[in-house]
Amino acid sequence: MEEKPAVLIIGGLGYVGRFLALHLHEQNLASEVRLVDKHLPELAWLAPEFKEACSREKFMQADASREQSLPRIFDRANGKQFDYVFNCGGETRYSQEDEVYRVRSYALSMAVGREAAKRGVKCFVEISTGMVYKPDSVPRKETDKLKPWLKLAKWKLTAEEDLAKIEGLNLLVLRMAHVYGPYTSKFISTALCMARVYQFLGKEMKWLWKEDLRTNTVHVEDVARSLWTAAEWYAKVPPPRKPVPVFNIVDHGNTSQGTMAKIIHDTFNIDTGFHGTIISAFARLNLDHVVDDVNDETLDPWADLQSKAEISQTTPLSPFMERELLKDTDLSLDGSLFERETGFQYLHPQLTKDETEKVIESYRKMGWWP
């Protein structure tokens, strides 16, 4: 019987990394798993179910963007090489300076990519973002025009392009929609925290722009499964696959602001709506001002809610609205190529009220939700 693949996950304690580790653990898919992260497990807000999947034995604390850390990260006790390397690392916060993304995302991708090439790793999976396309409400295919609309995406695309130039790297790229699921502290969590504040204040929650603005989503469990499916698919034929395979990973819900507004209305029992075109046009010209106003309105009540609920620990949740997240740009992806090529099927085909309630339940379980 063929030995199961040995797997290295860079950014193994990050949101996607930990769910990939959990998937490998629960399905017993790998002969060895090593998680590399800059942060310690004790400080990563790990939920109890990750205890074994992200155990100390599997974990190595290191900064993979530093050249001198690479031998320690890639060397295995038995002298063999890792079969699959998943790069789930990099800077995931929005609104950072270019230099932050260059050092923490781009340089990380390039360092681990070069090392993977040098060691003949069978498949190197780079996680990118669907924000690299020129925005359009019509779902973007992998071959469509690229025009990144966030700094984070600009550096992700630069990494994609430069990784593809590395001689001998067996590269595969996955471009993600907004990832959500239990314990998420990105995108959808901001909306949920804001909704909790507006519920508390007895106010209507209103969105800028239009309700059909696309904010496509994908569940983190499907992301973890897609990563593994992609690597196994890649390794089926002798590498390298040229041109570099690139796939969009997105659910079937075609999530939009309208979807979110309805779910939030149904979940929190609050009025939701959209600012008219005049206010939206004003906001486009004064975005910094608008963002500051929204944050002034929500941050103090959120703190009050937390103290009322006696949540004294810091949590990863906040209604703080990022300016970059308020852009009037569609994240609209066509994920059919990946499904056709690999036979992958989504277990969470769309964002629903039920899925949203499971997210809130996960926050409650961790003592994060006021």
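# Exercises on a predicted model

In this predicted model, His 219 touches Tyr 180, Gly 181, Pro 182, His 348 and Glu 355, when residues up to four places away in sequence are not counted.

## Exercise 1

Task. Determine in which strand His 219 lies, and whether His 219 counts as buried or exposed.

Solution. Step one is the assignment: His 219 belongs to strand 9, which covers residues 217-219. Step two is the accessibility: the relative value for His 219 is 2%. Buried means under 20%, so His 219 counts as buried.

## Exercise 2

Task. State the strand order of the open sheet of seven strands, and explain why one side of strand 3 and of strand 10 is left without a neighbour in the sheet.

Solution. The order reads 3-2-1-4-5-6-10, and the pairing is parallel. Strand 3 (59-61) and strand 10 (246-249) stand at the edges with a single partner strand each, so each has one side without a neighbour in the sheet. From one strand to the next, the twist averages 20°.

At one edge, strand 2 (residues 32-37) and strand 3 run parallel and are joined by three bridges. Asp 37 stands opposite Gln 61 of strand 3. At the other edge, four bridges pair strand 6 with strand 10, again in the parallel sense. Here Met 176 has Ile 249 of strand 10 as its bridge partner.

## Exercise 3

Task. Decide which residues of strand 10 are buried on each of its faces.

Solution. In a regular strand the side chains alternate between the two faces of the sheet. On one side of strand 10 are Val 246 and Asn 248, and on the other are Phe 247 and Ile 249; all are buried. Both faces of strand 10 are therefore covered, as their burial under the 20% cut-off shows.

## Exercise 4

Task. Describe the geometry of helix 3 and identify what its buried residues pack against.

Solution. Begin with the length: helix 3 has 21 residues and spans 28 Å from its first C-alpha to its last, close to the 30 Å expected at 1.5 Å a residue. Next, locate the bend: helix 3 bends by about 30° at Ala 107. Just after helix 3, Gly 120 takes a positive phi of about 65°.

Then consider burial. The buried residues of helix 3 include Tyr 101, Ser 105, Leu 108, Val 112 and Glu 115. The buried residues of this helix pack against strand 1, helix 2 (70-74), strand 4, strand 5 and helix 4.

## Exercise 5

Task. Identify the residues with the most contacts inside the largest nonpolar core, and the helix that gives the most to this core.

Solution. The largest nonpolar core has 126 residues, and those with the most contacts inside it are Ile 9, Phe 86, Leu 227 and Ile 264. Helix 6 (residues 220-234) gives the most to this core, contributing nine residues. For Leu 227, leaving aside its neighbours within four places in sequence, the contacts are Val 16, Leu 20, Phe 86, Cys 88, Val 125, Ile 127 and Leu 174.

## Exercise 6

Task. Place Gly 273 in its strand and list its contacts beyond its neighbours within four places in sequence.

Solution. Gly 273 is found in strand 11 (residues 272-274). At 10% relative accessibility, Gly 273 counts as buried. Apart from its neighbours within four places in sequence, Gly 273 is in contact with Glu 204, Met 205, Lys 206 and Trp 207. The C-alpha atoms of Gly 273 and Lys 262 are 9.1 Å apart, with the two residues eleven apart in sequence.

Key: Residues are numbered from 1 along each chain as its sequence is written. This is a predicted model: local features need pLDDT of at least 70, side-chain atom pairs count only at pLDDT 80 or more; totals for chains, interfaces and linings use all residues. Side-chain values use heavy atoms; hydrogens and water are left out. Two strands pair if DSSP finds at least two bridges between them. Helices (H or I, at least four residues) and strands (E, at least two) are DSSP runs, numbered from the N terminus. Axes are lines fitted to C-alpha atoms, for helices over the stretch in contact, and angles run from 0 to 180 degrees between N-to-C directions. Buried means under 20% relative accessible area, exposed over 50%, partly exposed in between (1.4 Å probe, protein chains only). Contact means heavy atoms within 4.5 Å. The expected span of a helix is 1.5 Å times one less than its number of residues. The bend at a residue is the angle between axes fitted to the seven residues ending there and the seven starting there. A nonpolar core is a set of buried Ala, Val, Leu, Ile, Met, Phe, Trp, Tyr and Cys residues joined through side-chain atoms within 4.5 Å.
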